[in-house]
Each structure stands twice: as structure tokens, then as C-alpha cells.
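I opened this notebook to keep track of what I looked up, element by element. The entries below follow the order in which I went through the chain.

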Amino acid sequence: MALLMPTVLIPHPLRRSRVAWCIAVMLAASFITFSASVARAQPQAGEISSASYEVLDELNRAAPMRDGVELKLDIFRPKDDGRFPAILQMTPYNKNGQAARARRFATRGYVVINVDSRGRFESGGDWDPFSPLHKTDGYDLVEWIAKQPWCTGNVGTYGLSYMGWAQWWTATQSPPSLKAMVPEVAPPDHFYNAPYQNGILVCWMMDWGGTNSGRASHSVGPGPYGGFAVNREQAYRQLPYIEFDKSRGHLPTDWWRKWITQNTAAGKYWRDIAYQTPEHYAAANVPTLAISGWFDGNFPGTPMNYLGMKQHGRSPAARRPQMVIGPWEHIINRHQQAAGVDFGPQAIIDWDGYICRWFDFHLKGIENGVMDAPPVHVFVMGKNQWRAAQDWPLPETQFTKYYLHSGGPANSSAGDGSLRLEPPSDQEPDVYRYDPENPTPSAGFTNGHIDGPRDISVSAARNDVLVYNTEVLTQDVEIVGPITAKLYAATSAKDTDWMVRLSDVHPDGRAMFLAEGVMRARHRDPQRGGAFNPEQLSTITPGKASEYTIEFWRPTGNLFARGHQIRIEISSSYYPYYLRNLNTGEDNIGLAETSIVAEQTIFHDSERRSHVVLPIIPAGK
């Protein structure tokens, strides 16, 4: 059967307990109140404040925190006697390396303050990446800045990655002088992305923890890339996992062991630093402009925060967030290529100009029409064009079920698995063997982030991977937005992992990685807080089928061209990107010293219709 463009509209079955309250409302509203997205709409900075000031550097100043600790900061301000709005960036990566960007904004009439995070580089105090003191430090810094003689009293924030976390933590404290935020590639809370994704520890967080474990950054193993260990495949096999810190001389035992032992979100350590609740969003009562890339390892924070603020911001301005998603990895907007794929010149935008326009309006009061712009811009790979839209997910999206089928074993890309619009009848399940000592290899990655649409056809050729393809497409199919998998699965073990990947199969056989969802089996039970916020771990009965709803933490925006195929893969490991599940079923996998081989079963029959829900954009929209 040739795959036709689906026309059936179904609700997207999102289940995340902590943000489902906002997503469900926004999905319903988007189909009623918002117009269709507009194609070919690259984000444009427009007119912004002119670069008319010389810059004065004031380096290594000190700001007192409420507990007496002093944080060190660098100030870059216009060489003028007037008052100016300020932009704050709190970083654990050395404030000295952030000067060039600060000066660019200072020339346009802003005071930019770069601060070393508590316990890092020149700042006082003790360093713990997830200490709740980062929240109060942010409040104290905003209010200290607002009182300085060179400041108008209006303060904004910007910064990438961890600095995005720092902005959200600050905003939850409701500093009165905070007027606007630009959280760039900001991660979400810690059980939805890093260090855990649905109960599975991402290995790169151990690298990150090691290299950032002291006052200054340092190498945690051999290799040229940022000091990270190059032989991750070997390093992460050490058992028990809780002893990993002993193999890296700099990784401390205090907060690292909290990470590995407190493996549910109910622990106080994680609750104290959380920010993605209705109450926290209501407290973060400022307008937000966020950005991410389809291959950003911290992607989910951006759309989750967009929806959370639309639903729970206290003021009209806070309920009008804006969001940009491009064809980038974690270091955004640097190159028009990713993993060797060229997305064309439109892939690069004037992002700092876009930010300046945002701050011109919110901090300077310049009426520049920024709030009249579409709130959502997304780049569609494959056709290499931008879409501008009035909401996320895109209002015209048709969430469509694609069912798993097989007429024989679906093991490997040489198997008989297929992906179809019609539900399955009675079919035999597909079975594979997961051996933690021989895990499915992950796509290559740098600095913790799969850096583009890498070819993953080699791993798909293994028998421990189930592969389901559509027939060759007879027309283009555009997929933009969040993805959900519904699996009916059983394991012979007391615990295991389920991993689902989406790829674009080219006529030459390349399978280009696009998106994925993962879940630890014992994190599945919605009656105990859900997959994303488990208060306690579920019980898995070996051999018994269970239902798993797996939201892809990495959505996509891609045109599957005529002649290509849409592929779904299922495995129980993807190593060394994710730490292996040893299948022992222990409450704390960090203590396990042995592994168990698991027999895995995926059902697709008339009663257990395993499927994925893909966000289809109708032709011509």
C-alpha cells in the first residue's frame, strides 16, 4: 500500500503529569482560536538600538548575597553618565569568557553583568550545580543591579544551557526588578532531560559533572574535546555505577552520589531546585523569549516553558512568550550545517539582533512591534524553510496514529516490520534479546548532544533493534511537532528500558536520526506520579504485558520527501549516550554489580495496538 497523506485528526495523547495541565488546554485552544502557520517566515531582528556607545569595563567587582557570600562579576556599560537597563548572565563556565557578547549589547545602550556562579572560579561559596542557593543568588543579584547608579531599575537576563536554568531558577523567586528573560537552550527539570530522562541517566551528565566538579573546569579523561573522556564506551561500563566518581579524580562524592542515589523526583534534592510547576510559572511573571534546536540535547525545556507560561503567567505579558526552533544542536545558530547536512543560508539568523529588539521593548519601552510578531518560529528540515505560527504545536497539525505491523520478525532493517495507518489485526508479537554487555550502539555525539541528523543505519542492522518502515512515500510528508509512542511490551526482567527512535530513510539506504523517546520500565505508572515525576518506582512483573506512553523528549520538524520512508526503531539500549539498564530490577541501579539478559516482547495485535502518533502538517498548509 502506498502511504497517502493522512486526513484524520486525533488528539495528541500527552501524559506528562507535571505539564499535561497546560499542554492539553493549549492544544484544545489552538485549533479554535489561532490561524494557520505561515511558511517561509525566517525570524527577523528588524530595527534595533544603534551601536553608538563606547564601552567601559569594570572587572571583578563583588556583589554580596544574603548569606554573606560574595559573587564576583564583570560589568560592561556604556561610557556615559546616564542610566541604562541591565542584562544579567550567571555562568558556571567563567565570566571572563563572556565579554565579547556583553560588549556588543553594551554598545547599544545596555549594562551587561557577567557573574561567576556560587563556588565557581572567582565567586565565593561552595559549588553544587543544583543547590537551591542558586535561586536566591539570582534574586539578590537582580535587585543589587537594579539599585546601582548606572541602572534604570529594569533588569533582563540571557544565557545558554545552564545559564538558562539559572534564569528560570531566578524567576521563580519573583525579583521585582526582573522585566524580561531570554533563556537559550534551557533544560527542563531534572527528570525529564538531565541528568535523567524518564528514569534513564544520560551518560554525558557524568562527563559534565566531572569536568565541572571543582572551582575551575578541568579534564576528566584523555581527549581534546573540552576535556571530556573520549572512550565513553569503556568508561561507563564500570560497576557499580555509584563508584564511577573514583575513576575520575575530580568528580566529588557528595552531589554526584545524590544524583545516582536519588533516582526519583520525590527526593528533596530535586524538589528544591525544580521550577516547572504551575506555582513556579506563576511566580516567573516576566515575558520570555526562548530558543532551541532540533538536535539540542536540552530541547524539551523550551516548548515546555513556552506552554507553561502561556497557561500560568500572572500578567498578560508573561502569557505571551515567544519561541524559536532552528536546525541546530546545543550550540545554536553557529553553522548552517549539522552532521554534514546543509540546511541552507536561511538556517542562520541574527539572533543577538532579535534579542536586542526584545529587550528594546521590554527594558527600554521602545514601541517596535515585537509583540505583534508571530510567537513561534520553527525551521522545517528537508525543505529548509521557516514557519511562523501563532502557537505550539502548530495549529494546523493533524496528530495521526501510525501502527506497528510485522508479517514475520521485525528484527533489524532486513526484517519484515512495517509502519501503517491501519490498525493491526491479530499478529504475532516481535521479540528481541537485550544483553547489557552488548548494548545497541548510539549515534556519535559531542559534548552530550547528538549534533545533527546522523546516519544510524548501522545500529538498525542489529537483531536487538526492531525496525518498522512505511512503504516508499508517493508524496512529501511534513512532520512538525511533539511525538508520542504507545507501546504494549513485556520483559523477562524485573526492570528494563524502552527506547523509540524516528529516522528519515533515504533512497540510498541512509537512515538519518531525527527524534527519540525513552523510558525506564519502573517509571511508567501514572498512579504514582507518572513517567516524568515518579514519587516511587513501579513494579514490573516479568513476562506480563504493560502499557507504556512515551513522549518523545526530542520532537522534530522535517519534510520526508517523496521516495523516502518514515522509520521507527525500538531497542532497550542506546549506548553510550544512555547509561545501560542492567535489568536487575533494583530500586537503585547505581548499586547493581551484575547484569541480566532480558527477552523483550512488543505486541501489535487487535487488543494491543502499539503505535506512534506523528504530527502531520497537511499538504498546502
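These entries go from the whole chain to two strands, a helix pair and one residue.

**Entry 1, the whole chain.** I noted at the outset that I am working with a predicted model. I looked up the secondary structure and found that it comes to 12 helices and 28 strands. Of the 621 residues in the chain, I recorded that 65% are buried. I then turned to the contacts between residues at least 6 apart in sequence, and wrote down that 76% of them join residues at least 24 apart.

**Entry 2, strand S5.** How many residues of strand S5 are buried? I went through residues 111-116 and found 6 of the 6 buried, so I describe S5 as largely enclosed by the rest of the structure. I also checked the two faces separately: Val111, Ile113 and Val115 lie on one side, Val112, Asn114 and Asp116 on the other, and all of these are buried, which leaves both faces of S5 covered.

For the partners of S5, I looked up the bridges. Strand S3, residues 70-78, runs antiparallel to S5 and is joined to it by 4 bridges, with Phe76 standing opposite Val112 of S5. Strand S4, residues 84-91, runs parallel to S5 and is joined to it by 6 bridges, and here I noted Gln89 opposite Asn114 of S5. Following the chain from S4 to S5, I passed through helix H2, residues 99-106, and logged this β-α-β crossover as right-handed.

**Entry 3, helix H2 against helix H11.** Having met H2 in the crossover, I asked what it packs against. Two packed helices are described by the angle between their axes and the distance between the axes, and I therefore looked up both values. For H2 and helix H11, residues 351-362, the angle is about 50 degrees and the axes are 11 Å apart. That angle makes H2 oblique to H11, and I recorded their crossing as right-handed. Which residues meet where these helices pack? On the H2 side I listed Arg101, Arg104 and Phe105, and on the H11 side Trp351, Asp352, Ile355 and Cys356.

**Entry 4, strand S14.** I repeated the burial check on strand S14, residues 376-380, and found 5 of the 5 residues buried, so S14 too is largely enclosed by the rest of the structure. Val376, Val378 and Val380 point one way from the strand, while His377 and Phe379 point the other way, and I found all of them buried.

S14 pairs with strand S11, residues 322-326, in the parallel sense over 3 bridges, and within that pairing I noted Val324 as the bridge partner of His377. With strand S15, residues 385-389, S14 pairs in the antiparallel sense over 5 bridges, where Val378 has Arg387 as its bridge partner. I then looked into the hairpin of S14 and S15, which has 4 residues between the strands, and wrote down that Gly382 takes a positive phi there, near 95 degrees.

**Entry 5, Gln234.** Is Gln234 buried or exposed? I located Gln234 in helix H6, residues 232-235, and its relative accessibility is 54%, which is over the 50% cut-off, so I count Gln234 as exposed. I also looked up its separation from Pro576: the two residues are 342 residues apart in sequence, and their C-alpha atoms are 8.8 Å apart in space.

Technical notes: Residues are numbered from 1 along each chain as its sequence is written. This is a predicted model: local features need pLDDT of at least 70, side-chain atom pairs count only at pLDDT 80 or more; totals for chains, interfaces and linings use all residues. Side-chain values use heavy atoms; hydrogens and water are left out. Buried means under 20% relative accessible area, exposed over 50%, partly exposed in between (1.4 Å probe, protein chains only). Two strands pair if DSSP finds at least two bridges between them. A crossover is right-handed if, with the strands pointing away from the viewer, the path from the first strand over the helix to the second runs clockwise. Axes are lines fitted to C-alpha atoms, for helices over the stretch in contact, and angles run from 0 to 180 degrees between N-to-C directions. Angles under 35 degrees count as roughly parallel, over 145 as roughly antiparallel, 65 to 115 as roughly perpendicular and the rest as oblique. A crossing is left-handed if the near helix is turned anticlockwise from the far one by less than a right angle, and right-handed if clockwise. Contact means heavy atoms within 4.5 Å.
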